[in-house]
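Trainee: I am new to this protein and would be grateful for a close look at a single part of it. Please begin with one residue and build outward from there.

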Amino acid sequence: MWSPWLFLGLFLASSFLMIWRLESMSADGLDGTVLGTLVMPYCSGIGNLIFAYVLGRKGGAATEVMTNCLVNNVTNMTLVLGVPAIFWTMSLVQEKKKKNGGKKTAKSKKGANEHQVNRLSLLLTLTAVLFFTGTTWALGADDKIDFSDGLVLVGLFLFWQCFHVFDVLKANARQNKSFSWMLPVDIALLAVGAYAVYVSIDWLVGWILKIHTGFISANNMGLLSGWLMVLPNAMLAVYYAWTKRPEVVYTSQVGDSHICIPLCIGIFALFKTIAMPSFFRTGIIILLGATILHFFFIAIFGRLPRLMGLLLVVAYGYFIYNGVWK
């Protein structure tokens with residue numbers, strides 16, 4: 001009777017391990033935007049990829065993969081980003097400080113430039129969410145995502161990642177920077193955490209598939225797994241919001257959305273056609289609306305106001321009640 005709690009604890013412990021090593025990589029000088037865009041999404045999104053693999057291997061319904069991804073992404077872009085905006089100052093704009101008779105120091109100018117770069121990077125990432133989500137909506141208009149659709153989605157994701165890899169290499173070449181010698185150790189520990197995530201998800205999926213009645217059952221596999229995969233993202237968001245690193249909060253959640261849509265859906269569709277759930281249209285519309293809202297306020301004001309954070313939380317409640325439940 002204690003086994004489900006044991007494997008749930010293993011899942012959370014392995015997620016904490018990943019967060020610990022990610023913070024180490026950040027302390028070694030890895031840029032916050034790079035950390036949130038290239039590294040962290042794979043750590044927080046590895047659970048979704050493993051879930052899709054395990055579900056396919058155990059013969060689960062392909063629709064549950066789409067449900068998992070939609071619940072994960074909508075939760076990230078509404079609830080997980082909305083709550084920190086309510087309780088913390090999620091601003092990507094540096095506060096103006098003047099010294100020496102009103103003249104800005106070189107240090108303050110450098111800080112302002114860094115904030116501006118983070119802001120532009122986030123806007124680019126949000127634009128990618130719009131393209132990826134819109135493409136998935138168009139490909140799923142016939143109520144399924146098949147092999148050819150999967151090729152398109154995976155191809156889009158690989159192009160996006162190649163763009164970021166070369167951008168990082170270019171930035172390092174300009175600044176004459178190199179990665180820390182601890183990077184291989186950190187990657188090895190991240191791999192250990194990823195394997196622990198696989199073990200825990202493999203057991204939990206097998207356990208739930210054997211249950212056919214009640215809320216915690218195979219009937220709600222996609223919803224339950226989507227919430228489970230969001231837990232590491234929520235821990236990341238709360239931690240980095242509390243430590244006043246909003247650029248990592250934003251890019252980690254937005255980057256994690258890329259792992260689900262298009263990568264997770266695309267890879268699964270290469271092996272098995274995915275039928276669209278009944279709330280596919282509702283989830284996509286809320287996801288696109290939330291992304292546009294984030295883009296507008298980041299582009300114009302450089303932050304997400306508390307009122308908009310509250311609105312995102314309400315939108316999430318609407319999605320769960322009127323979309324998933326009904």
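**A residue and the helices around it**

Mentor: Asn-48 belongs to helix α2, which covers residues 32-57; helices (H or I, at least four residues) are DSSP runs, numbered from the N terminus. This is a predicted model in which local features need pLDDT of at least 70 and side-chain atom pairs count only at pLDDT 80 or more, while totals for chains, interfaces and linings use all residues. Residues are numbered from 1 along each chain as its sequence is written, and side-chain values use heavy atoms, leaving out hydrogens and water.

Because its relative accessibility is 0%, Asn-48 counts as buried (under 20% relative accessible area, with a 1.4 Å probe and protein chains only). Setting aside neighbours within four places in sequence, Asn-48 is in contact (heavy atoms within 4.5 Å) with Asn-68, Asn-72, Met-229, Asp-256, Cys-260 and Cys-264.

Some of these partners lead to a pair of helices. Asn-68 and Asn-72 are among the α3 residues that meet α7, and Met-229 is among the α7 residues that meet α3. Helix α3 spans residues 63-87 and helix α7 residues 221-242; their axes lie 8 Å apart and pack at an angle of about 30°. Here, axes are lines fitted to C-alpha atoms over the stretch in contact, and angles run from 0 to 180 degrees between N-to-C directions. That angle makes α3 roughly parallel to α7, a term for angles under 35 degrees. The crossing of α3 past α7 is right-handed, that is, the near helix is turned clockwise from the far one by less than a right angle.

On the α3 side, the contact also includes Glu-64, Val-71 and Pro-84, and on the α7 side Trp-227, Val-230 and Ala-241. The residues of this contact divide into 11 nonpolar, 9 polar and 1 charged. In that grouping, Ala, Val, Leu, Ile, Met, Phe, Trp, Tyr, Cys and Pro are nonpolar, Asp, Glu, Lys and Arg are charged, and the others, Gly among them, are polar.

One further residue can be placed relative to α3. Pro-305 lies in the loop between α9 (280-300) and α10 (306-325). With a relative accessible area of 18%, Pro-305 is also buried. Its C-alpha atom is separated by 9.3 Å from that of Gly-82, although the two residues are 223 residues apart along the chain. Not counting residues up to four places away in sequence, Pro-305 touches Ala-85 and Phe-297.

Methods
Helix = DSSP H or I, 4+ residues; strand = E, 2+ residues; numbered from the N terminus. Parallel < 35°, antiparallel > 145°, perpendicular 65-115°, else oblique. Buried < 20%, exposed > 50% of the residue type's maximum accessible area, 1.4 Å probe, protein only.
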